[in-house]
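Hi,

Here is the structure I said I would pass on to you. Have a look through it first, and then read my notes below.

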Amino acid sequence: GDVVAIIGRANVGKSTLFNRIVQKRLAIVDDIPGVTRDRIYARVEWSGKSFYLVDTGGFPNDDEPLLDAVGRQIARAIEEANVIILVIDGREGILPQDEKIAEILRKSNRKVIVAVNKVDEPMHEHLIYDAYKLGFEDVVGVSAEHNRNISNLLDIVVAHVDEETVEEDEDDAIKIAIVGRPNVGKSSIFNALIGEERAIVSDIPGTTRDSIDTVITYEGKKYLLIDTAGLRKKSRLKDDIEFYSLLRAERSMDRADVVLLVIDVTEAVTEQDKRIAGMVFEKGKGLVVALNKWDLLPEGQPKLGDSIIKFAKEQLYFTNDAPVITTSALSKRNILKIFDVCNEIYTLRQTRIPTSILNRMVRDIVSFQRLPSDGKGRFLNIYYVTQVETAPPSFVFFVNDQNLVDKPFERKIINELVKVGNFRGVPVRVFWKNRR
Ligand code: GDP
């Protein structure tokens, strides 16, 4: 894939910029075969393109001789990168060392984008003018720390990146976050999932310092279990506080395709469980529920089991009938089924419904259902619908007047879409637009 390198002298904010870009983009820190290991690489996805971002990191301090150490770093960055982000400090302006680096880069024939960092407010925009004298066409004022203009920078970067994400993503790992309240059995399920017979491909550092991702293969498919750091060690201290586990869960969810919500069956579905499920849907992720510790239910009472599942589904009514698996990490009941169901939900979340089928659905709704009105005889009319996005599936309805749409009707439409697309456990987004 394409490699984008961040370079610049010390203290201009290279690492902050690196983290800022990586953090937001569902990126996985990964090794690329055949490149040096003393730097950090992350795969970044943006606007349908993907690239590896490299932080040249260990740059020497200002007082070290420039051209041996820095020169070597730059030479290597030039060698492996197609695009280079040259970071300068907008507050300090252009220093001789910046000019030196720019001079080397000008001869490199690489695409160079100058990021003038620490431009924290629009009124500081004049800080960037100075940077044009370095001789590069693309100059962007950003603030890595305050998250300003990072998307502009990325737009320019991907304009020079060739690799499309689409195909690669399909055989990429399915990213799963295992979340739930303390002591419901998350660690135990994780350990059962990675049972000896399944190969652990690698432990890769996640995007935060203390997070570890685990990649495993099962039946030829790759699964990436997100932030398993806390799940690996048995003793947990502060993490046991629900607040902390929720924060941590939220971070894991952001990077997941599918979230496995583990619930302790002996405690049924609590408010906190519902809150987590709601968060999964807000974030547009797929949801799979594991009712764990199933072995603790008294034997010979199948009706009890059925009524517990029914209760759980009722409590989680807003999850489009998310699949519920009854598991026991202890007896290994249904543990492998977790892979299959997560896989299924992952695929559903990526589904695109053909426009012809969507519009047949609309024709049925328009003919057979009562459409909302303004109470003065003006009814909503739906002209056309199209799916604009997958993961999560998102639809735009073109109508005569979007103000006529009320919540119950929108819910009804979402339910129809869920039926048509079989989007169980998958959030569906609906947007209304007036047809011009
Ligand atoms: P976590 O905090 O969610 O990671 O929970 P743990 O995996 O550490 O499990 C908490 C406790 O529940 C431990 O004592 C486990 O042995 C126990 N446990 C986990 N899963 C099961 C299960 O399926 N059945 C039974 N009976 N106990 C379990």
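**What I found**

Let's start with a pair of strands: strand E1 (residues 3–7) and E5 pair in the parallel sense, with four bridges between them. If you want a spot to click on, take Ile7, whose bridge partner in E5 is Leu86. Before you go on, keep in mind that this is a predicted model.

E5 has another partner too. Strand E6 (residues 111–117) runs parallel to E5, and seven bridges join the two. Along that pairing, Ile88 stands opposite Val116 in E6.

Now, how many residues of strand E5 (residues 83–89) are buried? The answer is seven of its seven, so to speak a mostly covered strand. Try colouring the two sides of E5 separately: on one you'll find Val83, Ile85, Val87 and Asp89, on the other Ile84, Leu86 and Ile88, and all of them are buried.

Next, the nonpolar cores. The largest one has 59 residues, and the ones with the most contacts inside it are Ile176, Leu260, Leu261 and Val289. Domain 2 (173–349) and domain 3 (355–434) each give at least three residues to this core. Apart from it lies another core, this one of 46 residues, including Leu17, Ile101, Leu134 and Val140.

Leu260 is a good residue to zoom in on. Leaving out residues up to four places away in sequence, Leu260 touches Ile176, Ile178, Val288, Ala290, Ile338 and Cys342.

Then there's the ligand. Which residues are closest to the ligand? They are Gly185, Lys186, Ser187, Ser188 and Ala329, out of 16 residues that surround it. Helix H6 (residues 186–193) gives the most to this shell, with three residues. Sorted by class, the shell around the ligand has seven polar, six nonpolar and three charged residues.

Last, the whole chain. The protein chain has 17 strands and 13 helices. Of its 436 residues, 37% are buried. And if you take the contacts between residues at least 6 apart in sequence, 68% of them join residues at least 24 apart.

If you only have a few minutes, I'd go to E5 and its parallel partners E1 and E6, and then to the shell around the ligand, where H6 gives the most.

Cheers

Key:
Residues are numbered from 1 along each chain as its sequence is written. This is a predicted model: local features need pLDDT of at least 70, side-chain atom pairs count only at pLDDT 80 or more; totals for chains, interfaces and linings use all residues. A residue is near a molecule or strand if its C-beta atom, placed from the backbone, lies within 6 Å of it. Ala, Val, Leu, Ile, Met, Phe, Trp, Tyr, Cys and Pro count as nonpolar, Asp, Glu, Lys and Arg as charged, and the others, Gly among them, as polar. A residue is buried if 20 or more other C-beta atoms lie within 10 Å of its own, exposed if 12 or fewer, and partly exposed in between; C-beta atoms are placed from the backbone. Two residues are in contact if their C-beta atoms, placed from the backbone, lie within 7 Å. A nonpolar core is a set of buried Ala, Val, Leu, Ile, Met, Phe, Trp, Tyr and Cys residues joined through C-beta atoms within 7 Å. Domain bounds come from an automatic or database domain assignment. Two strands pair if DSSP finds at least two bridges between them.
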